[in-house]
Amino acid sequence: MNMELSCSQVGALMSFYMENKLSAMLKQYIQRHLETCPACAKKYEDFKNIINKYNNVVDDEIEIEFKQYSEFKKNISAYVDNELDVSENVKIKKMIISNPAARQELENIYTLQRLMHSAFDKTRNDIRFDLSKKILTEREIKPSFLKRIAKLNFFENRPSLDEP
Ligand SMILES: [Zn+2]
C-alpha cells in the first residue's frame, strides 16, 4: 500500500509523530512527506524548537524549585525555633505562602512539636506524682516531716498540721 498524506494530515499528526506515538507505517508516510515538502519540514522544525524550549524552561523551573525546597528543609526547624536572621526568615515565609509542600512540612514540624510538648508535660506530671508519692511515704515514716512541707502547698488539700 502506498499512501500519500496531505499537508493538513501531516500537520494534524505532527505532535503524535514527534512524541513517537504513531505506527511504524504512519511514521514512514510522514517522514517521506517531510523529506519532499519544505513547508511541512519547516513547520516540523519550528514545532520541535518550541517544544524543546518549553521542556528546558520547565526543567529549569523544577530545578530552581527543588533547590529552594532543599534550602527550605534545611532552614525550617531553625525558623520554627526562631533562630534565622531577617532575610532568611522572609525567604521561608515566602516559601510557605507559595508552596503547598512547604506548608505541609511546616505543619508536620508543628505537629511534632506539639507531640513532644505533650510528652514533656506527661513526664512533668509523672515527676510531680512521684514526688507526692515520695512525700506520702516519708510522711508515714516520719509524721513530723509533714510540718516541714505543709508550707509548700504540694497538695490541693493542705495536710493538717494537727497530726502528732
Ligand atoms: Zn506538506
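The protein chain holds six helices and zero strands, and, read from the N terminus, its elements follow the order α-α-α-α-α-α. The structure is a predicted model, and the values reported here were computed from it. Of the 164 residues that make up the protein chain, 7% count as buried. Among the contacts in the protein chain with a separation of 6 or more, 38% are accounted for by residues that lie 24 or more positions apart.

The packing of two of these helices was examined in detail. Helix α1 spans residues 7-18 and helix α2 spans residues 24-36, and their axes come within 11 Å of each other while crossing at roughly 120°. The crossing in which α1 passes α2 is left-handed. On the side of α1, the contact is made by Val10, Leu13 and Tyr17, and on the side of α2 by Leu26, Lys27, Ile30 and His33. In terms of residue character, the contact of α1 with α2 is made up of five nonpolar residues, one polar residue and one charged residue.

The loop between α1 and α2 contains Asn20, a residue whose backbone is also of note. The phi angle of Asn20 is near 60°, which is a positive value in a residue other than glycine. As to its surroundings, Asn20 counts as exposed because it has 7 C-beta neighbours inside 10 Å, where a residue with 12 or fewer is assigned to the exposed class.

Methods: Residues numbered from 1 in each chain as written. Predicted model: local features only at pLDDT ≥ 70, side-chain atom pairs only at ≥ 80, totals over all residues. Axes fitted to C-alpha atoms, helices over the stretch in contact; angles between N-to-C directions. Helix = DSSP H or I, 4+ residues; strand = E, 2+ residues; numbered from the N terminus. Left-handed = near helix turned anticlockwise from the far one by under 90°. Contact = placed C-beta atoms within 7 Å. Nonpolar A, V, L, I, M, F, W, Y, C, P; charged D, E, K, R; others polar. Buried ≥ 20, exposed ≤ 12 C-beta atoms within 10 Å, placed from the backbone.
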